[in-house]
Amino acid sequence: MQVSAGSAAQAVPATRREQILAAAAELFAAHGFHGVGIDDIGAAVGISGPALYRHFRSKDAMLGEMLISISRELFSEGKERAAAAEDPSKALAELVTFHTNFALDNPALITVQERNLGNLREDDRKQVRALQRQYVEVWVGAISAAVPGITEERARSAAHAVFGLLNSTPHNRYVDSTELAELLHRLALGALHAAR
């Protein structure tokens, strides 16, 4: 198991656009989408609010790009890791490790996704939902292959339940990140193998 408390996901944003999205994620997580103005986001990255319009056409566009990007990353990276694993058990463990690390490294994004899906424009919401469904299906395939006798419906329910566990990280900081990562990994795999 290679669960880590830090990964490339925590790297300092490389571009001004990425810096703006990172700052907006932190602000949206702390104050809610409607509680943050364009001037707040600008101040967080050291520019005026109106200067943000050189990078994004609106606050809605920022939220859309933020949530589409993380949904795309979860799906593509999850699919790649599951496909590269040597056997079904390792594929499932790799998905748990990946999602655990992502959740621990990106608590603001997890919070924004949990609370603000309803604030997306309709076309962005459809795209996020489609990517999320594809990611769930990666998990359903891995669970079905690793847990003998589980039905597809039960595998899908188990995947959603484990997402709830792993995405609880922004609210679960009673132990250090390394210990929490290991605990979540054990709990998630135990729950998935008990799901049949």
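Here is a short tour of the model shown above.

What you're looking at is a predicted model, in which local features need pLDDT of at least 70, side-chain atom pairs count only at pLDDT 80 or more, and totals for chains, interfaces and linings use all residues. Residues are numbered from 1 along each chain as its sequence is written, and side-chain values use heavy atoms, with hydrogens and water left out.

Let's start with confidence. The score here is pLDDT, the predictor's confidence in each residue, from 0 to 100. The protein averages a pLDDT of 91, and 93% of the residues score at least 70. Over residues 4–9, though, the pLDDT is below 50, and this stretch has 10 contacts in the model beyond near neighbours in sequence. (A contact means heavy atoms within 4.5 Å.)

Now for the annotated stretches. UniProt lists two of interest here, both from an unreviewed entry. UniProt positions are given in the numbering used here, feature names are shortened, and annotations may be inferred rather than shown by experiment. Helices (H or I, at least four residues) and strands (E, at least two) are DSSP runs, numbered from the N terminus.

| UniProt feature | Residues | Helix | Strand | End C-alpha atoms apart |
|---|---|---|---|---|
| DNA-binding region | 37–56 | 40% | 0% | 14 Å |
| domain: HTH tetR-type | 14–74 | 66% | 0% | 20 Å |

Next, a pair of helices. The axes of α6 (residues 122–146) and α7 (residues 152–166) come within 9 Å and cross at roughly 115°. Axes are lines fitted to C-alpha atoms, for helices over the stretch in contact, and angles run from 0 to 180 degrees between N-to-C directions. On the α6 side, the residues making the contact include Y135, W139 and I143, while α7 brings in A155, F163 and L166, among them. Sorted by type, the contact residues are 10 nonpolar, two polar and three charged. Here Ala, Val, Leu, Ile, Met, Phe, Trp, Tyr, Cys and Pro count as nonpolar, Asp, Glu, Lys and Arg as charged, and the others, Gly among them, as polar.

Finally, meet two single residues. Is N116 buried or exposed? N116, found in helix α5 (residues 107–116), counts as buried because its relative accessibility is 4%. Buried means under 20% relative accessible area, exposed over 50%, and partly exposed in between (1.4 Å probe, protein chains only). Leaving out residues up to four places away in sequence, N116 touches F33, L63 and L67.

R186 sits in helix α8 (residues 177–193), and R186 counts as exposed because its relative accessibility is 54%. The C-alpha atoms of R186 and A83 are separated by 22 Å, with the two residues 103 residues apart along the chain.
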